[in-house]
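Q: Got a minute to go through this model with me? Start with the overall fold, please.

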Amino acid sequence: MTDIFRPTIQPIRRIYDAFQDEAKNRGGKRTEEWMENERKRVWREARDFCQEKGLKFPTLDQVIDAEMSACGHVDYGSKWACRVSEYIDKLNK
């Protein structure tokens with residue numbers, strides 16, 4: 001099945017894919033636990049991407065802020081990844 005919300009450009013796609021991959025592990029965990037795991041996974045993916053490119057990367061707090069701004073949207077994962085990418089852009093101007 002095609003994911004209509006999957007971004008097409010990097011690093012947004014890479015961050016989104018990391019979130020989607022981690023979200024598969026929610027089953028049986030407390031909400032707080034899987035939320036923390038997903039936030040850390042998104043942060044690590046953003047960090048790794050930035051380190052590969054020699055860029056500054058967002059803090060975990062910024063990743064959480066990006067997630068909060070995406071909450072309630074039907075394209076939550078995509079919006080979250082886009083917002084993290086915006087932080088990367090701002091940090092590297």
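Q: In what order do the elements run from the N terminus?
A: They run α-α-α-α, with helices (H or I, at least four residues) taken as DSSP runs and numbered from the N terminus. The model is predicted, so local features need pLDDT of at least 70, side-chain atom pairs count only at pLDDT 80 or more, and totals for chains, interfaces and linings use all residues. Residues are numbered from 1 along each chain as its sequence is written, and side-chain values use heavy atoms, leaving out hydrogens and water.

Q: How many strands?
A: 0 strands, next to 4 helices.

Q: Why call it as compact as a globular protein of that length?
A: Because its radius of gyration is 13 Å, close to the 12 Å that the globule rule gives for 93 residues. The radius is taken over C-alpha atoms, and the rule is 2.2 Å times the number of residues to the power 0.38.

Q: And what box do the C-alpha atoms fill?
A: Roughly 40 × 30 × 25 Å along the principal axes.

Q: What share of the residues is buried?
A: Of the 93 residues, 34% are buried, meaning under 20% relative accessible area with a 1.4 Å probe, protein chains only.

Q: Switching to Q62. Where is it?
A: Q62 lies in helix α3, residues 60-70.

Q: What does its side chain reach at 2.8 Å?
A: The Q62 side chain reaches the backbone nitrogen of T59.

Q: Which residues does Q62 touch, not counting those up to four places away in sequence?
A: Y87 and L91, where contact means heavy atoms within 4.5 Å.

Definitions and conventions: Helix = DSSP H or I, 4+ residues; strand = E, 2+ residues; numbered from the N terminus. Buried < 20%, exposed > 50% of the residue type's maximum accessible area, 1.4 Å probe, protein only. Polar contact = N/O pair within 3.5 Å; in protein donor to acceptor, adjacent residues only side chain to side chain.
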